[in-house]
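Dear colleague,

I am passing on to you the structure we spoke of, with the sequence alongside. Please open both before reading on, since the notes below go through salt bridges, pockets and surface in turn.

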Amino acid sequence: MIRFLQPEWLWLLTLLPMVMLLRGRRGPVAAIEFSDVGLAREVARGSRARVGRWVWLLPLLAAALMIVGLARPQRAHSRTEVTANGIDIVLGLDVSGSMQALDFLVDNRRVNRIEVVKSVVSKFIEERPSDRIGLIAFAAAPYLVSPLTLDHDWLQQNLERVSTAVAADDGTAIGSAIAAGVNRLRTTAAKSKVMILLTDGMNNTGKISPVAAAEAAKALGVKIYTIGVGVRGMAPIPVRDEAGHVHLIMDKVDVDEKTLETVANVTGGTFYRATDTDSLQKIYEQINRLEKTAQTVQKFEHTDELYSWALIPSVAILGFGLALQHTRFRRLP
């Protein structure tokens, strides 16, 4: 990168066109007067004479280079090293059948919970490029979608493939999901370990209670943020009949807020409630602000002075111009 340490000198360059204009208006002073210009015209046709008419421009060129040199041009070589002390984050997503409920709106269009959650989680992943992030989905049992990784493109591809559970695998094993997430974080060397658990139901299956799993998380230094998603009361849920036709039915949905709040409090996290798309986005944005990745930035800069590249040619051109004016293109008195 080229920069000028004293750029105010460059304003002098604006004076050079004025010098050229004034010289052109004044014209050269006649050295010899002729009664007939025919002889002078013949002399002017010589190449040497034509070249001589431009010799006066050499001092102007030298002045321009000298001004550039006085402005102190420099070439800067900079290098920045960023050391990221990242956070290990496991995202736990409920994919039980109730996540198909159409109680979220996007552009005034009803969208099921799982699609909105995937969209918001995808944005959250994009905004944390320095952190290792893993993904666990759970219904009646948890399963690993992605281990902790910095390859967020691959993580996003796996998130896109997440879908809700079929009826045979339906259920909500919150405790088992917490245990699976903690198990992924317990062996990492990260200074900060976080799990973000999102669910729209109540723990109704699995062998581990959510509170017991939270106690284990606390012992291993894992902080858990819990998010209860969905409206309270009745919500429209699509169901497929024996003929394969899909119908919307109103069914009761409920979130065990008390248990989720206990899980968060035990581990030092926070419980959030999301009843629409905007509130869900704001929750992930708030968690993103709370869990900042520590970074150490070191900047190295080396500067090369370039003024000699302008001043030396300036002196050389000025000397060359003066030499021509006093020798080969010397004007007669």
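R72 and E305 are joined by a salt bridge in which the closest N and O atoms are 2.6 Å apart. This pair links distant parts of the chain, for R72 sits in the loop between α4 and β2 (73-85), whereas E305 belongs to strand β13 (residues 294-305), and 233 residues separate the two. Please keep in mind, here and throughout, that the model is a predicted one. Both partners are partly exposed, R72 with a relative accessible area of 26% and E305 with one of 32%; each value counts as partly exposed because that class lies between the 20% below which a residue is buried and the 50% above which it is exposed. R72 also deserves a look for its backbone, since its phi is near 60°, a positive value in a residue other than glycine.

How many salt bridges does a search of the whole structure find? The search gives seven, and besides the pair just described I would point you to two others. In general, side chains of opposite charge can pair when their charged atoms come close.

One of these is the salt bridge between E291 and K223, whose side chains meet at 3.1 Å, N to O. E291 lies in the loop between α10 (277-290) and β13, while K223 is in strand β9 (residues 222-229), so the pair ties together parts of the chain that are 68 residues apart in sequence. Is E291 buried or exposed? At 7% relative accessibility E291 counts as buried, because the limit for that class is under 20%, whereas K223, with a relative accessible area of 27%, is partly exposed.

The other is formed by E115 and K118, with the closest N and O atoms 3.8 Å apart. Here both residues lie in helix α5 (residues 113-126), and they are three residues apart, which is about one turn of the helix. E115 counts as partly exposed at 37% relative accessibility, while K118 counts as buried at 7%.

Helix α5 comes up again when we turn to enclosed space. Rolling a probe the size of a water molecule over the atoms shows where empty space is left. A search of the whole structure finds one cavity of 30 Å³ or more, and about 70 Å³ of space lies in the largest cavity. Its lining is made by V120, K123, F124, E127, Q281, Y284 and E285, and the elements that give two or more residues to this lining are α5 and α10. Sorted by class, the lining of the largest cavity has three nonpolar, one polar and three charged residues.

As for open space, the second largest pocket has a volume of about 210 Å³. Which residues lie nearest its centre? Of the 15 residues that line this pocket, they are S98, T172, G201, K252 and V253. Strand β11 (residues 246-253) gives the largest share of the lining, namely three residues. By class, the lining of the second largest pocket divides into three nonpolar, seven polar and five charged residues.

On the surface, you will find a nonpolar patch of about 600 Å², made by W9, L12, L15, M18, M66, L70 and V315. The helices α1 (15-26) and α4 (57-70) each supply at least two residues of this patch, and V315 is found in helix α11 (residues 308-326). V315 has a relative accessible area of 54% and is therefore exposed, because that class begins over 50%.

Lastly, there is a contact in space that the sequence alone would not show you. I237 and N112 are 125 residues apart in sequence, yet their C-alpha atoms are 8.6 Å apart in space. I237 lies in strand β10 (residues 233-240), and at 10% relative accessibility it counts as buried.

With best wishes

Definitions and conventions:
Residues numbered from 1 in each chain as written. Predicted model: local features only at pLDDT ≥ 70, side-chain atom pairs only at ≥ 80, totals over all residues. Heavy atoms only, no water. 1 Å grid on protein atoms, 1.4 Å probe; cavity = no way out; pocket = protein on both sides within 12 Å on 5 of 7 lines; lining within 4 Å. Points joined across faces, edges and corners; volume = space filled by probe spheres on them. Helix = DSSP H or I, 4+ residues; strand = E, 2+ residues; numbered from the N terminus. Nonpolar A, V, L, I, M, F, W, Y, C, P; charged D, E, K, R; others polar. Patch = residues over 30% accessible without salt bridge, like charges linked within 9 Å, V, L, I, M, F, W, Y side chains within 5 Å. Areas by Shrake-Rupley, 256 points an atom, 1.4 Å probe, with all protein chains shown as cover. Salt bridge = Lys/Arg side-chain N within 4 Å of Asp/Glu carboxyl O. Buried < 20%, exposed > 50% of the residue type's maximum accessible area, 1.4 Å probe, protein only.
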